[in-house]
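Welcome! Please take a moment to look over the sequence and the 3D view before reading on.

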Amino acid sequence: MQKTFRRAIQSAVAATFLATTMLSGLAHAGPTLDKINQRGAIKVGVGTTPGFFAPDSNGKWQGFFIDFGRALSIAVFGTPDKVEFTSSSPQQRLPALQSGEFDILLSGVTVTTTRAFKLGFHFGPTIFYDGQGILVRKDLGVTKAADLDGATIGAQSGTTGELNVADFFRKTGKTFTPVTIEDTGQFIDALESGRVDAITQDSSDLVGKRTQLKNPDDYVLLPERLSKEPLAPAIAGGDDRWLELVNWTVNATIQAEEWGITSANVDEFLESDDPAIQRFLGVDPSFGNELGLDPKWAYNIVKTVGNYGEIFDRHLKPLGWERGYNSLWTNGGLLYSPPFR
């Protein structure tokens, strides 16, 4: 009874202050958020890798990165549907972000110093810890990348993959013949036709491409990772408010998993006496009001798209992905959220 009364008071406070805080907090926070609010939708650049981002049979975008785009829509607008996904190639997506065509890239962009300093991009938290791999035909009889001495290897132009594979063979003292492929859709044809002996990309891309081959069991992903590929949301510089909103939207999914809060049990956690969880879920509305957000923004994200683990299991586990580095820090992985306070 006492909790019910307390929540009634808190809801009244939230209703009183929400309109003014949203106007003062988000509506005039910076150029990107101004455009987003005026447009009424977030423009997101994505790729076309099954499990990460791909339209379904009805043309609706689905995937791991897609759910983070919907989570951002919830944080800004309170609904997952005010977001527009557009596929863009690696050669096009960074210039498109610079020119303002996209508000954010959720396309598996690797964080690099050049992109941060020279191109002026800001990156959110790493959403997926990846590494560049090599997919080869089994009939070559190779078990490690160094066995590919003299092989013909396809790499996508405009990516860090071209440099990484060249560096690897230079370090190992082996040789290879590079074949630059611009359209990612041509990788499969190049491998199946025998134009190349192997293809190299982020292992996340290769796992998806292997499922698209006519005979997936005829190909194997070699165990080495040629690089570190931390994949993170990328935005143009100059809007700190937008960057922080991206940061804490991602962090919310990670923190929810750490606390064991899922889309199925989040309502039960509304009864928690833990003040940190009360702040996180908006039971205590003052925290969200101070941020200029709906006090229930994190609750709505978890309720709608789930925590990080749910998102991973929904889209990537069916492809055979294990959590690995993308486990919580408490489980030996690299995922860690700063405190919500």
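Here is a short briefing, going from the whole chain down to one helix.

This is a predicted model. The protein chain has 14 helices and 14 strands, and 51% of its 341 residues are buried.

**Overall shape**
- For 341 residues, a compact globule would have a radius of gyration near 20 Å, and the 22 Å of the protein chain agrees with this.
- Along the principal axes, the C-alpha atoms of the protein chain fill a box of roughly 75 × 40 × 40 Å.

**Contacts within the chain**
- Take the contacts in the protein chain between residues at least 6 apart in sequence: 73% of them join residues at least 24 apart.

**Surface and charge**
- About 15400 Å² of the protein chain is exposed, and carbon and sulfur atoms supply 52% of that area.
- The protein chain carries 32 positive and 40 negative charges, and the mean positions of these two groups are 1 Å apart.

**A look at helix 2**
- Helix 2 covers residues 31–39, and its buried residues include Thr 32, Leu 33 and Ile 36.
- These three residues lie on the same side of helix 2, because they cover an arc of only 90° around the axis.
- As background, an α-helix has 3.6 residues a turn, so residues three or four places apart point the same way.
- Gly 40 comes just after helix 2 and takes a positive phi of about 85°.

Note on methods:
Residues numbered from 1 in each chain as written. Predicted model: local features only at pLDDT ≥ 70, side-chain atom pairs only at ≥ 80, totals over all residues. Heavy atoms only, no water. Helix = DSSP H or I, 4+ residues; strand = E, 2+ residues; numbered from the N terminus. Rg over C-alpha atoms; globule rule 2.2 N^0.38 Å. Buried < 20%, exposed > 50% of the residue type's maximum accessible area, 1.4 Å probe, protein only. Contact = heavy atoms within 4.5 Å. Areas by Shrake-Rupley, 256 points an atom, 1.4 Å probe, with all protein chains shown as cover. Lys, Arg positive; Asp, Glu negative; His and termini not counted. Charge placed at Lys NZ, Arg CZ, Asp CG, Glu CD. Arc of directions from axis to C-beta.
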